[in-house]
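Hi everyone, thanks for making time this morning. Let me put the structure up on the screen, and then I'll walk you through a few parts of it.

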There are 2 protein chains.
Amino acid sequence: MKTVVIFSGGLDSTTLLYSLKADNHEIYSLSIDYGQRHSIELQYAENTVRRLGIPHRMINLKSVAQLFHDSCLTNQSLGVPEGHYEEEKMRLTVVPNRNMILLSIAASWAISLKADTISYAAHSGDHAIYPDCRPEFTDAMDRAIQLADWHSVKLFRPFIDLAKSDIVKMGSKLSVPFDQTWSCYKGNDLHCGCCGTCIERREAFYLAGITDPTEYAELAPDLTVLIKNKWKI
Amino acid sequence: MKTVVIFSGGLDSTTLLYSLKADNHEIYSLSIDYGQRHSIELQYAENTVRRLGIPHRMINLKSVAQLFHDSCLTNQSLGVPEGHYEEEKMRLTVVPNRNMILLSIAASWAISLKADTISYAAHSGDHAIYPDCRPEFTDAMDRAIQLADWHSVKLFRPFIDLAKSDIVKMGSKLSVPFDQTWSCYKGNDLHCGCCGTCIERREAFYLAGITDPTEYAELAPDLTVLIKNKWKI
(Lines give C-alpha, C1' and ligand atoms only; values in the text may rest on other atoms or scores of the structure.)
Protein backbone atom coordinates (compact mmCIF):
# COMPACT_ATOMS: atom_id res chain seq x y z
CA MET A 1 0.00 0.00 0.00
CA LYS A 2 1.26 3.45 -0.94
CA THR A 3 0.40 5.96 1.76
CA VAL A 4 0.95 9.60 2.74
CA VAL A 5 1.41 9.88 6.50
CA ILE A 6 0.60 13.07 8.37
CA PHE A 7 3.66 13.17 10.59
CA SER A 8 4.05 15.67 13.41
CA GLY A 9 7.06 14.10 15.08
CA GLY A 10 4.92 13.25 18.12
CA LEU A 11 4.52 9.95 19.91
CA ASP A 12 1.37 8.88 18.07
CA SER A 13 2.43 9.63 14.50
CA THR A 14 5.95 8.26 15.07
CA THR A 15 4.42 4.97 16.27
CA LEU A 16 2.19 5.02 13.19
CA LEU A 17 5.24 5.51 10.96
CA TYR A 18 7.04 2.56 12.57
CA SER A 19 3.93 0.40 12.32
CA LEU A 20 3.44 1.18 8.61
CA LYS A 21 7.13 0.48 7.99
CA ALA A 22 6.86 -2.86 9.80
CA ASP A 23 3.98 -3.72 7.45
CA ASN A 24 6.11 -2.81 4.41
CA HIS A 25 3.99 0.09 3.19
CA GLU A 26 5.44 2.55 0.71
CA ILE A 27 5.50 5.64 2.91
CA TYR A 28 5.59 9.37 2.10
CA SER A 29 5.78 11.63 5.12
CA LEU A 30 4.16 15.07 5.35
CA SER A 31 4.75 17.65 8.09
CA ILE A 32 3.12 21.03 8.37
CA ASP A 33 4.57 24.18 9.88
CA TYR A 34 1.42 26.11 10.81
CA GLY A 35 3.27 28.53 13.07
CA GLN A 36 2.92 26.26 16.10
CA ARG A 37 4.70 27.45 19.21
CA HIS A 38 6.17 23.95 19.61
CA SER A 39 7.84 23.95 16.20
CA ILE A 40 10.58 21.88 17.83
CA GLU A 41 8.33 18.89 16.99
CA LEU A 42 9.17 19.48 13.32
CA GLN A 43 12.87 18.98 14.07
CA TYR A 44 12.01 15.68 15.69
CA ALA A 45 9.96 14.78 12.62
CA GLU A 46 12.84 15.55 10.26
CA ASN A 47 15.32 13.57 12.35
CA THR A 48 13.03 10.53 12.38
CA VAL A 49 12.36 10.41 8.63
CA ARG A 50 16.07 10.93 7.93
CA ARG A 51 16.90 8.03 10.26
CA LEU A 52 14.30 5.78 8.59
CA GLY A 53 15.04 6.93 5.02
CA ILE A 54 11.46 7.97 4.26
CA PRO A 55 10.66 10.63 1.60
CA HIS A 56 9.47 13.72 3.41
CA ARG A 57 7.92 17.09 2.63
CA MET A 58 7.53 20.05 4.95
CA ILE A 59 4.80 22.54 4.05
CA ASN A 60 4.89 26.13 5.26
CA LEU A 61 1.41 27.22 6.34
CA LYS A 62 2.48 29.98 8.72
CA SER A 63 0.40 32.46 6.78
CA VAL A 64 -2.76 30.65 7.92
CA ALA A 65 -2.13 31.51 11.58
CA GLN A 66 -3.25 35.11 10.90
CA LEU A 67 -6.82 33.78 10.65
CA PHE A 68 -7.14 32.76 14.29
CA HIS A 69 -5.96 34.49 17.43
CA ASP A 70 -7.68 32.45 20.12
CA SER A 71 -5.38 29.44 20.09
CA CYS A 72 -2.39 29.46 22.40
CA LEU A 73 -0.62 27.09 20.00
CA THR A 74 -0.20 29.82 17.41
CA ASN A 75 -0.65 33.04 19.42
CA GLN A 76 2.55 33.52 21.40
CA SER A 77 0.95 36.14 23.65
CA LEU A 78 -1.37 33.54 25.20
CA GLY A 79 -0.02 31.20 27.87
CA VAL A 80 -0.18 27.43 27.48
CA PRO A 81 -2.60 26.11 30.12
CA GLU A 82 -1.33 23.49 32.53
CA GLY A 83 -3.37 20.53 33.74
CA HIS A 84 -5.42 17.67 32.35
CA TYR A 85 -6.92 17.72 28.85
CA GLU A 86 -10.39 17.17 30.28
CA GLU A 87 -10.44 20.64 31.80
CA GLU A 88 -12.35 23.46 30.12
CA LYS A 89 -9.28 25.71 29.86
CA MET A 90 -7.64 23.22 27.48
CA ARG A 91 -9.90 24.51 24.71
CA LEU A 92 -7.31 27.24 24.30
CA THR A 93 -5.16 24.60 22.61
CA VAL A 94 -7.67 24.05 19.79
CA VAL A 95 -6.48 25.36 16.42
CA PRO A 96 -9.69 25.87 14.44
CA ASN A 97 -10.11 23.26 11.74
CA ARG A 98 -6.46 22.23 11.82
CA ASN A 99 -7.13 18.63 10.91
CA MET A 100 -9.17 19.44 7.82
CA ILE A 101 -6.35 21.66 6.55
CA LEU A 102 -3.75 18.94 7.19
CA LEU A 103 -5.92 16.26 5.57
CA SER A 104 -6.70 18.41 2.54
CA ILE A 105 -3.01 19.01 1.85
CA ALA A 106 -2.18 15.35 2.44
CA ALA A 107 -4.96 14.43 0.01
CA SER A 108 -3.49 16.77 -2.59
CA TRP A 109 -0.13 14.99 -2.38
CA ALA A 110 -1.74 11.54 -2.22
CA ILE A 111 -3.72 12.26 -5.40
CA SER A 112 -0.56 13.45 -7.16
CA LEU A 113 1.33 10.33 -6.09
CA LYS A 114 -1.63 8.06 -6.94
CA ALA A 115 -1.36 6.76 -3.39
CA ASP A 116 -3.97 4.42 -1.91
CA THR A 117 -4.41 6.07 1.47
CA ILE A 118 -3.66 8.93 3.81
CA SER A 119 -2.63 7.60 7.21
CA TYR A 120 -3.05 9.55 10.35
CA ALA A 121 -2.83 8.86 14.00
CA ALA A 122 -6.06 10.23 15.50
CA HIS A 123 -6.90 8.13 18.55
CA SER A 124 -9.85 7.67 20.87
CA GLY A 125 -8.49 10.03 23.51
CA ASP A 126 -8.29 12.99 21.13
CA HIS A 127 -11.93 13.77 20.60
CA ALA A 128 -12.78 14.79 24.13
CA ILE A 129 -11.91 18.42 23.33
CA TYR A 130 -11.00 18.42 19.63
CA PRO A 131 -14.18 18.32 17.53
CA ASP A 132 -12.16 17.54 14.40
CA CYS A 133 -10.89 14.28 15.92
CA ARG A 134 -14.39 12.83 16.33
CA PRO A 135 -15.12 9.71 14.26
CA GLU A 136 -18.13 11.40 12.60
CA PHE A 137 -15.85 14.20 11.39
CA THR A 138 -13.19 11.85 10.06
CA ASP A 139 -15.91 9.71 8.41
CA ALA A 140 -17.19 12.82 6.60
CA MET A 141 -13.64 13.72 5.55
CA ASP A 142 -13.04 10.18 4.32
CA ARG A 143 -16.03 10.53 2.03
CA ALA A 144 -15.00 13.99 0.80
CA ILE A 145 -11.43 12.82 0.10
CA GLN A 146 -12.66 9.83 -1.88
CA LEU A 147 -14.74 12.19 -4.04
CA ALA A 148 -12.08 14.88 -4.46
CA ASP A 149 -10.50 13.34 -7.55
CA TRP A 150 -11.07 10.67 -10.20
CA HIS A 151 -8.27 8.81 -8.42
CA SER A 152 -9.87 7.84 -5.12
CA VAL A 153 -7.82 7.99 -1.91
CA LYS A 154 -9.01 6.52 1.37
CA LEU A 155 -8.40 7.70 4.91
CA PHE A 156 -6.57 5.14 7.07
CA ARG A 157 -7.00 5.66 10.83
CA PRO A 158 -5.65 2.53 12.48
CA PHE A 159 -5.55 4.16 15.96
CA ILE A 160 -9.08 5.57 15.98
CA ASP A 161 -10.31 3.05 18.58
CA LEU A 162 -7.10 2.95 20.62
CA ALA A 163 -6.24 4.87 23.78
CA LYS A 164 -2.89 6.63 23.88
CA SER A 165 -1.67 3.99 26.36
CA ASP A 166 -2.41 1.33 23.70
CA ILE A 167 -0.26 3.31 21.25
CA VAL A 168 2.58 3.33 23.80
CA LYS A 169 2.25 -0.46 24.14
CA MET A 170 2.32 -0.88 20.37
CA GLY A 171 5.26 1.52 20.01
CA SER A 172 7.18 -0.38 22.65
CA LYS A 173 6.76 -3.65 20.74
CA LEU A 174 7.95 -1.88 17.58
CA SER A 175 11.01 -0.49 19.43
CA VAL A 176 9.98 3.12 18.76
CA PRO A 177 12.64 5.38 20.35
CA PHE A 178 10.12 7.40 22.38
CA ASP A 179 12.81 9.81 23.54
CA GLN A 180 13.09 10.85 19.89
CA THR A 181 9.44 11.99 19.78
CA TRP A 182 8.03 15.33 20.89
CA SER A 183 4.72 16.20 22.58
CA CYS A 184 5.02 19.34 24.77
CA TYR A 185 3.01 22.37 23.62
CA LYS A 186 5.41 24.82 25.26
CA GLY A 187 8.21 23.89 22.89
CA ASN A 188 11.17 24.57 25.18
CA ASP A 189 14.31 22.42 25.20
CA LEU A 190 12.76 19.86 27.54
CA HIS A 191 9.17 18.61 27.83
CA CYS A 192 7.60 20.81 30.54
CA GLY A 193 5.75 17.92 32.21
CA CYS A 194 2.73 20.10 33.13
CA CYS A 195 0.82 21.09 29.97
CA GLY A 196 -2.12 19.04 28.67
CA THR A 197 -0.11 17.04 26.19
CA CYS A 198 2.72 16.34 28.67
CA ILE A 199 0.21 15.12 31.25
CA GLU A 200 -1.42 12.95 28.59
CA ARG A 201 1.97 11.56 27.58
CA ARG A 202 2.97 10.78 31.16
CA GLU A 203 -0.44 9.22 31.81
CA ALA A 204 -0.16 6.99 28.73
CA PHE A 205 3.16 5.49 29.84
CA TYR A 206 1.81 5.07 33.37
CA LEU A 207 -1.35 3.27 32.22
CA ALA A 208 0.62 1.15 29.73
CA GLY A 209 3.00 0.06 32.51
CA ILE A 210 6.00 1.06 30.39
CA THR A 211 8.92 3.18 31.58
CA ASP A 212 8.74 6.72 30.19
CA PRO A 213 12.18 7.68 28.84
CA THR A 214 11.20 11.36 28.44
CA GLU A 215 13.17 13.95 30.36
CA TYR A 216 10.64 16.40 31.86
CA ALA A 217 11.51 19.84 33.27
CA GLU A 218 9.29 19.13 36.25
CA LEU A 219 6.85 16.46 37.33
CA ALA A 220 4.24 18.55 39.15
CA PRO A 221 1.31 18.08 39.34
CA ASP A 222 1.52 14.58 40.73
CA LEU A 223 0.32 12.22 38.04
CA THR A 224 -1.18 9.57 40.31
CA VAL A 225 -3.42 12.18 41.97
CA LEU A 226 -4.64 13.41 38.59
CA ILE A 227 -5.31 9.90 37.37
CA LYS A 228 -7.11 8.94 40.54
CA ASN A 229 -9.37 11.98 40.15
CA LYS A 230 -10.03 11.19 36.51
CA TRP A 231 -10.74 7.50 36.85
CA LYS A 232 -12.27 7.83 40.31
CA ILE A 233 -9.83 5.20 41.56
CA MET B 1 -25.65 36.51 7.65
CA LYS B 2 -21.94 36.57 8.38
CA THR B 3 -19.99 34.85 5.63
CA VAL B 4 -16.45 34.13 4.48
CA VAL B 5 -16.24 34.32 0.69
CA ILE B 6 -13.60 32.44 -1.26
CA PHE B 7 -12.63 35.19 -3.64
CA SER B 8 -10.30 34.63 -6.57
CA GLY B 9 -10.90 37.91 -8.35
CA GLY B 10 -12.56 36.06 -11.22
CA LEU B 11 -15.90 36.69 -12.88
CA ASP B 12 -17.84 34.14 -10.80
CA SER B 13 -16.59 35.04 -7.33
CA THR B 14 -16.77 38.78 -8.06
CA THR B 15 -20.43 38.38 -9.02
CA LEU B 16 -20.95 36.37 -5.84
CA LEU B 17 -19.37 39.18 -3.81
CA TYR B 18 -21.66 41.78 -5.39
CA SER B 19 -24.69 39.57 -4.89
CA LEU B 20 -23.90 39.00 -1.18
CA LYS B 21 -23.34 42.74 -0.75
CA ALA B 22 -26.68 43.50 -2.40
CA ASP B 23 -28.30 41.16 0.15
CA ASN B 24 -26.56 42.99 3.03
CA HIS B 25 -24.46 40.09 4.23
CA GLU B 26 -21.52 40.75 6.54
CA ILE B 27 -18.70 39.72 4.21
CA TYR B 28 -15.11 38.61 4.86
CA SER B 29 -13.09 37.93 1.74
CA LEU B 30 -10.39 35.27 1.49
CA SER B 31 -7.91 34.87 -1.38
CA ILE B 32 -5.27 32.20 -1.71
CA ASP B 33 -1.91 32.47 -3.42
CA TYR B 34 -1.16 28.83 -4.25
CA GLY B 35 1.58 29.69 -6.71
CA GLN B 36 -0.83 29.97 -9.61
CA ARG B 37 0.68 31.12 -12.88
CA HIS B 38 -2.14 33.64 -13.22
CA SER B 39 -1.41 35.37 -9.90
CA ILE B 40 -2.57 38.57 -11.62
CA GLU B 41 -6.08 37.47 -10.52
CA LEU B 42 -5.04 38.21 -6.93
CA GLN B 43 -4.34 41.84 -7.88
CA TYR B 44 -7.83 42.05 -9.32
CA ALA B 45 -9.19 40.54 -6.09
CA GLU B 46 -7.39 43.11 -3.94
CA ASN B 47 -8.56 46.00 -6.09
CA THR B 48 -12.17 44.85 -5.86
CA VAL B 49 -12.30 44.41 -2.07
CA ARG B 50 -10.57 47.77 -1.60
CA ARG B 51 -13.16 49.40 -3.87
CA LEU B 52 -16.03 47.76 -1.96
CA GLY B 53 -14.52 48.24 1.52
CA ILE B 54 -14.64 44.53 2.42
CA PRO B 55 -12.26 43.01 5.01
CA HIS B 56 -9.81 40.80 3.15
CA ARG B 57 -7.10 38.27 3.91
CA MET B 58 -4.57 36.83 1.50
CA ILE B 59 -3.06 33.48 2.45
CA ASN B 60 0.29 32.33 1.11
CA LEU B 61 0.14 28.65 0.18
CA LYS B 62 2.95 28.66 -2.38
CA SER B 63 4.71 25.96 -0.41
CA VAL B 64 1.92 23.52 -1.30
CA ALA B 65 2.73 23.69 -5.02
CA GLN B 66 5.81 21.47 -4.43
CA LEU B 67 3.39 18.56 -3.93
CA PHE B 68 2.11 18.44 -7.49
CA HIS B 69 3.95 18.85 -10.77
CA ASP B 70 1.32 17.78 -13.25
CA SER B 71 -0.76 20.94 -13.23
CA CYS B 72 0.10 23.65 -15.71
CA LEU B 73 -1.42 26.21 -13.33
CA THR B 74 1.45 25.80 -10.88
CA ASN B 75 4.21 24.24 -12.99
CA GLN B 76 5.59 27.01 -15.18
CA SER B 77 7.41 24.54 -17.43
CA LEU B 78 4.12 23.15 -18.74
CA GLY B 79 2.20 25.08 -21.37
CA VAL B 80 -1.39 26.20 -20.84
CA PRO B 81 -3.58 24.24 -23.27
CA GLU B 82 -5.77 26.20 -25.66
CA GLY B 83 -9.30 25.22 -26.61
CA HIS B 84 -12.58 24.28 -25.02
CA TYR B 85 -12.81 22.99 -21.44
CA GLU B 86 -14.55 19.85 -22.63
CA GLU B 87 -11.38 18.60 -24.28
CA GLU B 88 -9.25 15.94 -22.60
CA LYS B 89 -6.11 18.10 -22.62
CA MET B 90 -7.78 20.56 -20.23
CA ARG B 91 -7.16 18.11 -17.39
CA LEU B 92 -3.70 19.67 -17.24
CA THR B 93 -5.40 22.64 -15.57
CA VAL B 94 -6.58 20.56 -12.60
CA VAL B 95 -4.76 21.41 -9.35
CA PRO B 96 -5.22 18.29 -7.22
CA ASN B 97 -7.67 18.85 -4.41
CA ARG B 98 -7.47 22.62 -4.68
CA ASN B 99 -11.03 23.23 -3.56
CA MET B 100 -10.75 21.15 -0.40
CA ILE B 101 -7.66 23.13 0.59
CA LEU B 102 -9.42 26.46 -0.08
CA LEU B 103 -12.55 25.35 1.77
CA SER B 104 -10.61 24.04 4.76
CA ILE B 105 -8.79 27.35 5.21
CA ALA B 106 -12.01 29.32 4.72
CA ALA B 107 -13.65 27.09 7.36
CA SER B 108 -10.82 27.82 9.76
CA TRP B 109 -11.41 31.56 9.44
CA ALA B 110 -15.22 31.17 9.51
CA ILE B 111 -14.99 29.19 12.76
CA SER B 112 -12.73 31.86 14.30
CA LEU B 113 -15.14 34.62 13.25
CA LYS B 114 -18.20 32.60 14.35
CA ALA B 115 -19.53 33.12 10.84
CA ASP B 116 -22.67 31.37 9.59
CA THR B 117 -21.44 30.28 6.20
CA ILE B 118 -18.64 29.95 3.71
CA SER B 119 -19.76 31.22 0.32
CA TYR B 120 -18.22 30.05 -2.88
CA ALA B 121 -19.01 30.33 -6.51
CA ALA B 122 -18.84 26.78 -7.87
CA HIS B 123 -21.27 26.56 -10.78
CA SER B 124 -22.80 23.83 -12.90
CA GLY B 125 -20.28 24.23 -15.72
CA ASP B 126 -17.30 23.54 -13.48
CA HIS B 127 -17.73 19.90 -12.76
CA ALA B 128 -17.25 18.60 -16.26
CA ILE B 129 -13.50 18.28 -15.67
CA TYR B 130 -12.97 19.29 -12.04
CA PRO B 131 -13.96 16.40 -9.75
CA ASP B 132 -13.89 18.69 -6.73
CA CYS B 133 -16.63 20.89 -8.16
CA ARG B 134 -19.17 18.04 -8.33
CA PRO B 135 -22.23 18.46 -6.09
CA GLU B 136 -21.51 15.14 -4.34
CA PHE B 137 -18.07 16.42 -3.37
CA THR B 138 -19.34 19.75 -2.09
CA ASP B 139 -22.15 17.96 -0.20
CA ALA B 140 -19.54 15.81 1.53
CA MET B 141 -17.46 18.90 2.35
CA ASP B 142 -20.55 20.68 3.68
CA ARG B 143 -21.05 17.83 6.12
CA ALA B 144 -17.39 17.72 7.15
CA ILE B 145 -17.28 21.50 7.69
CA GLN B 146 -20.40 21.39 9.86
CA LEU B 147 -18.72 18.75 12.04
CA ALA B 148 -15.29 20.41 12.20
CA ASP B 149 -16.05 22.52 15.26
CA TRP B 150 -18.61 22.97 18.04
CA HIS B 151 -19.56 26.15 16.17
CA SER B 152 -21.19 24.83 13.02
CA VAL B 153 -20.55 26.57 9.69
CA LYS B 154 -22.52 25.79 6.53
CA LEU B 155 -21.41 25.83 2.93
CA PHE B 156 -23.35 28.31 0.76
CA ARG B 157 -23.22 27.59 -2.97
CA PRO B 158 -25.83 29.82 -4.59
CA PHE B 159 -24.45 29.23 -8.12
CA ILE B 160 -24.26 25.45 -7.99
CA ASP B 161 -27.18 25.00 -10.42
CA LEU B 162 -26.33 27.98 -12.65
CA ALA B 163 -24.43 28.03 -15.91
CA LYS B 164 -21.68 30.62 -16.28
CA SER B 165 -23.91 32.52 -18.71
CA ASP B 166 -26.52 32.81 -15.90
CA ILE B 167 -23.82 34.29 -13.68
CA VAL B 168 -23.01 36.85 -16.37
CA LYS B 169 -26.71 37.78 -16.56
CA MET B 170 -26.87 38.14 -12.77
CA GLY B 171 -23.63 40.15 -12.67
CA SER B 172 -24.94 42.46 -15.35
CA LYS B 173 -28.06 43.22 -13.29
CA LEU B 174 -25.83 43.90 -10.26
CA SER B 175 -23.62 46.25 -12.34
CA VAL B 176 -20.52 44.12 -11.77
CA PRO B 177 -17.61 45.83 -13.58
CA PHE B 178 -16.64 42.72 -15.55
CA ASP B 179 -13.55 44.42 -16.94
CA GLN B 180 -12.27 44.48 -13.35
CA THR B 181 -12.38 40.67 -13.10
CA TRP B 182 -9.74 38.19 -14.26
CA SER B 183 -10.10 34.70 -15.79
CA CYS B 184 -7.16 33.87 -18.10
CA TYR B 185 -4.89 31.03 -16.95
CA LYS B 186 -1.90 32.41 -18.83
CA GLY B 187 -1.73 35.45 -16.58
CA ASN B 188 -0.25 37.92 -19.07
CA ASP B 189 -1.25 41.60 -19.18
CA LEU B 190 -4.29 40.88 -21.34
CA HIS B 191 -6.66 37.90 -21.38
CA CYS B 192 -5.25 35.59 -24.06
CA GLY B 193 -8.66 34.72 -25.51
CA CYS B 194 -7.65 31.12 -26.35
CA CYS B 195 -7.17 29.12 -23.14
CA GLY B 196 -9.97 27.08 -21.59
CA THR B 197 -11.09 29.72 -19.16
CA CYS B 198 -10.95 32.54 -21.76
CA ILE B 199 -13.06 30.46 -24.14
CA GLU B 200 -15.51 29.74 -21.31
CA ARG B 201 -15.66 33.45 -20.45
CA ARG B 202 -16.26 34.50 -24.03
CA GLU B 203 -18.88 31.77 -24.45
CA ALA B 204 -20.72 32.88 -21.28
CA PHE B 205 -21.12 36.46 -22.54
CA TYR B 206 -22.15 35.19 -25.96
CA LEU B 207 -24.82 32.85 -24.56
CA ALA B 208 -26.04 35.51 -22.10
CA GLY B 209 -26.44 37.98 -24.95
CA ILE B 210 -24.41 40.57 -23.06
CA THR B 211 -21.51 42.58 -24.48
CA ASP B 212 -18.15 41.30 -23.25
CA PRO B 213 -16.04 44.29 -22.12
CA THR B 214 -12.87 42.18 -21.81
CA GLU B 215 -9.88 43.10 -23.95
CA TYR B 216 -8.47 39.85 -25.40
CA ALA B 217 -5.03 39.48 -26.98
CA GLU B 218 -6.59 37.48 -29.81
CA LEU B 219 -9.98 36.03 -30.65
CA ALA B 220 -8.97 32.80 -32.38
CA PRO B 221 -10.35 30.18 -32.40
CA ASP B 222 -13.67 31.46 -33.66
CA LEU B 223 -16.15 31.22 -30.81
CA THR B 224 -19.26 30.58 -32.86
CA VAL B 225 -17.63 27.54 -34.49
CA LEU B 226 -16.68 26.12 -31.09
CA ILE B 227 -20.13 26.71 -29.70
CA LYS B 228 -21.83 25.19 -32.73
CA ASN B 229 -19.70 22.08 -32.31
CA LYS B 230 -20.44 21.88 -28.61
CA TRP B 231 -24.17 22.44 -28.77
CA LYS B 232 -24.57 20.74 -32.17
CA ILE B 233 -26.33 23.88 -33.41
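Let's begin with a pair of helices in chain A: α1(A) and α5(A) lie oblique to each other. This is a predicted model, so please hear everything I say with that in mind. The angle between the two is about 40°, and their axes are 10 Å apart. In sequence terms, α1 of chain A covers residues 11–22, while α5 of chain A covers residues 164–173. As for handedness, the crossing of α1(A) past α5(A) is left-handed.

Which residues do the touching here? On the α1(A) side you'll find L11(A), D12(A), T15(A), Y18(A) and S19(A). Facing them from α5(A) are K164(A), I167(A), M170(A) and G171(A). By character, the residues of this contact split into four nonpolar, three polar and two charged.

Now let's zoom out to the two chains. Chain B can be superposed on chain A by a rotation of 180°, with 0.0 Å of shift along the axis and an RMSD of 0.0 Å. The two copies are thus related as by a two-fold rotation axis.

What does each chain bring to the contact between them? Chain B contributes 33 residues and chain A contributes 33 residues. If you look at the side of chain B that touches chain A, the elements giving two or more residues are β3 (56–60), α3 (98–113) and α4 (135–147) of chain B. The top contributor on that side is α3(B), with nine residues. Sorted by type, that side of chain B holds 19 nonpolar, seven polar and seven charged residues. And here's a neat point: 100% of the interface residues of chain B are also interface residues in chain A, so the copies meet through the same surface.

Finally, I'd like to show you one residue, N97(A). Where does N97(A) sit? You'll find N97(A) in the loop between β3 (56–60) and α3 (98–113) of chain A. Is N97(A) buried or exposed? There are 29 C-beta neighbours inside 10 Å, and the cut-off for buried is 20 or more, so N97(A) counts as buried.

Leaving aside residues up to four places away in sequence, N97(A) touches D132(A) in its own chain. Across in chain B, N97(A) touches S104(B), A107(B), S108(B), I111(B), A148(B) and D149(B). One last distance: N97(A) and C133(A) are 36 residues apart along the chain, and their C-alpha atoms are separated by 9.9 Å.

That's my tour, and I'm happy to take questions!

Note on methods:
Residues numbered from 1 in each chain as written. Chains lettered and ligands numbered in written order. Predicted model: local features only at pLDDT ≥ 70, side-chain atom pairs only at ≥ 80, totals over all residues. Axes fitted to C-alpha atoms, helices over the stretch in contact; angles between N-to-C directions. Helix = DSSP H or I, 4+ residues; strand = E, 2+ residues; numbered from the N terminus. Parallel < 35°, antiparallel > 145°, perpendicular 65-115°, else oblique. Left-handed = near helix turned anticlockwise from the far one by under 90°. Contact = placed C-beta atoms within 7 Å. Nonpolar A, V, L, I, M, F, W, Y, C, P; charged D, E, K, R; others polar. Buried ≥ 20, exposed ≤ 12 C-beta atoms within 10 Å, placed from the backbone. Least-squares fit on C-alpha atoms with pLDDT ≥ 70 in both.
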